[in-house]
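Welcome! Here is a short briefing to read alongside the structure. Take a moment to look around before going on.

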Amino acid sequence: MSMIRRSNVFDPFSLDLFDPFHGFPFGSGSSSGSSSLFPSFPRTSSSETAAFAGARIDWKETPEAHVFKADVPGLKKEEVKVEVEDGNVLQIRGERNKEQEEKTDTWHRVERSSGKFLRRFRLPENARAEQIKASMENGVLTVTVPKEEAKKPEVKSIQISG
């Protein structure tokens with residue numbers, strides 16, 4: 001009999017979509033129907049998502065773009081998929097296959113992880129999803145999401161009479 005322990009400790013690898021409003025009464029994760037101000041996203045099983053915890057991802061914002069960097073050592077670009085779902089959810093997924101075992105081999109240590117990973121990020125409103133670019137070099141996947149230019153307020157001078 002297996003026992004599953006649940007914890008209140010934040011585990012970023014058990015999430016398949018970063019939702020900063022999760023847990024708030026007005027949050028996007030509510031199942032109360034269409035009364036929520038934010039859309040709800042389906043969840044996948046945490047065992048599928050957490051199988052390959054080596055998919056560590058940094059997200060930084062520059063004046064021009066949102067930049068995601070994922071450590072995916074040993075993976076080829078054909079083994080990684082970058083997709084945009086519903087126009088505003090960036091999805092990065094991949095799989096590292098287990099090394100073939102030979103019956104004559106004796107393993108002394110197995111530390112490298114294998115399995116699937118799936119990470120999802122809701123993009124902000126200023127993201128230009130149609131212009132996303134991705135590249136991979138030395139085991140680091142870089143996804144660049146350009147930002148819309150900030151609209152400068154139009155200033156109209158009013159002549160003062162009198």
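A good place to begin is Asp 58, which stands opposite Lys 69 in β2. Please keep in mind that this is a predicted model. From that pair of residues, the briefing moves to the strands around them and then to the whole protein.

**The β1-β2 pairing**
- Strand β1 covers residues 57-61 and strand β2 covers residues 65-71.
- The two strands run antiparallel to each other, and 5 bridges link them.
- Between β1 and β2 lies a hairpin connection of 3 residues.
- In general, side chains along a regular strand point alternately to one face of the sheet and the other.

**The overall build**
- In total, the protein has 7 strands and 1 helix.
- Starting at the N terminus, the order of elements is α-β-β-β-β-β-β-β.
- Among contacts with a separation of 6 or more, 58% join residues 24 or more positions apart.

**Inside and surface**
- The protein has 162 residues, and 27% of them are buried.
- About 12,900 Å² of the protein is exposed, with 50% of that area supplied by carbon and sulfur atoms.

**How confident is the prediction?**
- Across the protein the mean pLDDT is 75, and 67% of the residues reach 70 or more.
- Residues 1-16 have pLDDT below 50, and this stretch makes 16 contacts in the model beyond near neighbours in sequence.
- Residues 26-53 also have pLDDT below 50, with 52 contacts in the model beyond near neighbours in sequence.
- Where pLDDT is low, the predicted coordinates should not be read in detail.

How values were computed:
Residues numbered from 1 in each chain as written. Predicted model: local features only at pLDDT ≥ 70, side-chain atom pairs only at ≥ 80, totals over all residues. Heavy atoms only, no water. Pairing = 2+ DSSP bridges. Helix = DSSP H or I, 4+ residues; strand = E, 2+ residues; numbered from the N terminus. Buried < 20%, exposed > 50% of the residue type's maximum accessible area, 1.4 Å probe, protein only. Contact = heavy atoms within 4.5 Å. Areas by Shrake-Rupley, 256 points an atom, 1.4 Å probe, with all protein chains shown as cover. pLDDT = per-residue confidence, 0-100.
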